[in-house]
Amino acid sequence: TEASLRHAQKMEAVGQLAGGIAHDFNNVLQAVSGGIGLIRRRAGDRAAVERLAGMVEEAARRGASVTRRLLAFSRREELRPAALDAAELLGGLREVLSATLGPRIRVEVDAEPGLPSVLADRGQLETVLVNLATNARDAMPDGGTLTLSARMQQGESEGGPDCLKEAGPYVHLVIADTGQGMSADTLARASEPFFTTKSQGQGTGLGLAMAQSFAKGSGGALAIASEPGRGTTVSLWLPVTDREPSHHPSPPLANWMPPT
Ligand code: ADP
């Protein structure tokens, strides 16, 4: 049933999340217990104790930041899917993104005319797209082009990825940048929760993990292609619905929090 499928997807996301946290937390605990062991051995050396205590304190701060991120993650809202017009949504995003990503990032939108509605949670889709656009901006420190496009896709028959289990149809959204791209190692780990190559405080490592779980939870899929020096392309497939797009009373990006 749909409910048990949702449950299974949630459990998978939780499992992945737990794996990421366990890893981060283990590092923190190792630093704390290692530091305490060293303090014991150097108990007579005031300067060393001072330095080691600072190290333990720093590790504990890192641990606190891991739990803060976890809290933010667990406070995520349930998906409330509704029929929506992806082309219209991308058009609204274009304006917001051109204004917020800075003058060196060109934002282009390319939507196939006459696209059917997709079934997705509007607020969360906007958040995911803004996160992807923020990643694209971070990958283009000297400027570049961010392209948001939307096409019809019939499912596997049209060369969709393995992750598309159902025949579709889907709307295929593409978020492409002309940035620095990812190494094969980074690409392999990019959607792990808490995986980030950004310096402390710059990245949470949750953007792609959340995009991935949003795609799965919406009955769609997500795939990333990237080449160092050429750029990154994130594909998001969302299921088509024959319902009319529902009127949304809130202005576009009502739930949007500016990227940090
Ligand atoms: P964060 O952006 O907080 O680091 P994400 O989960 O969104 O977390 O991304 C994980 C990592 O994947 C990033 O740190 C970066 O190394 C890489 N990445 C994501 N998007 C892009 C992109 N558009 N171009 C290059 N690298 C990217």
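Which residues in α6 are buried? The legends below take up that question and a few others, using a predicted model.

**View 1. The whole chain, with its helices and strands.**
The chain holds six helices and seven strands. Followed along the sequence, these elements come in the order α-α-β-α-β-β-α-β-β-α-α-β-β. Of the 260 residues in the chain, 30% are buried. Contacts across the sequence are well represented here: taking contacts with a separation of 6 or more, 71% are between residues 24 or more positions apart. As for confidence, the average pLDDT of the chain is 85, and 82% of the residues score at least 70. Please read residues 255-260 with care, since pLDDT stays under 50 there; the model has nine contacts for this stretch beyond four places in sequence. For the complex, the predictor reports an ipTM of 0.99 and a pTM of 0.74.

**View 2. Helix α6 and its surroundings.**
Here is the reply to the opening question: the buried residues in α6 are G207, L208, A209, A211, Q212, S213, F214 and A215. Because eight of its eleven residues are buried, α6 is largely enclosed by the rest of the structure. Just after α6 comes G219, whose phi is positive, at about 80 degrees. On the other side, the loop between α5 (184-189) and α6 contains P193. P193 counts as buried because 24 other C-beta atoms lie within 10 Å, where 20 or more are needed. If you look for the start of the chain from here, the C-alpha atom of E2 is 25 Å from that of P193, and the two residues are 191 apart along the chain.

**View 3. The shell around the ligand.**
The ligand is surrounded by 22 residues, and the closest of them are N135, A139, T196, G203 and G207. Two helices, α4 (122-138) and α6 (207-217), each supply at least two residues of this shell. Which helix gives the most to the shell? It is α6, with three residues. Sorted by class, the shell has twelve polar, eight nonpolar and two charged residues. One residue links this view with the previous one: G207 is among the closest to the ligand, and G207 is also buried in α6.

**View 4. Strand β4 and its two partners.**
Strand β4 (residues 144-153) pairs with β2 (residues 105-111) through seven bridges, and these two strands run parallel. To find your place in this pairing, look for V109, whose bridge partner in β4 is L148. Strand β4 also pairs with β5 (residues 170-177), this time antiparallel and through eight bridges. Here T147 stands opposite A176 of β5.

**View 5. The largest nonpolar core.**
In soluble globular proteins, nonpolar side chains tend to be buried together. In this chain, the largest nonpolar core has 44 residues, and A86, L129, L132, A133, V171, I175 and L238 touch the most other members. Helix α4 contributes the largest share of this core, with seven residues. L238 makes a good landmark for a closer look: beyond its neighbours within four places in sequence, L238 is in contact with V118, A120, Y170, V171, L173, S218 and G220. Among these contacts of L238 is V171, which is itself one of the core residues that touch the most other members.

Notes
Residues are numbered from 1 along each chain as its sequence is written. pLDDT is the predictor's confidence in each residue, from 0 to 100. Two residues are in contact if their C-beta atoms, placed from the backbone, lie within 7 Å. A residue is near a molecule or strand if its C-beta atom, placed from the backbone, lies within 6 Å of it. Helices (H or I, at least four residues) and strands (E, at least two) are DSSP runs, numbered from the N terminus. Ala, Val, Leu, Ile, Met, Phe, Trp, Tyr, Cys and Pro count as nonpolar, Asp, Glu, Lys and Arg as charged, and the others, Gly among them, as polar. Two strands pair if DSSP finds at least two bridges between them. A nonpolar core is a set of buried Ala, Val, Leu, Ile, Met, Phe, Trp, Tyr and Cys residues joined through C-beta atoms within 7 Å. A residue is buried if 20 or more other C-beta atoms lie within 10 Å of its own, exposed if 12 or fewer, and partly exposed in between; C-beta atoms are placed from the backbone.
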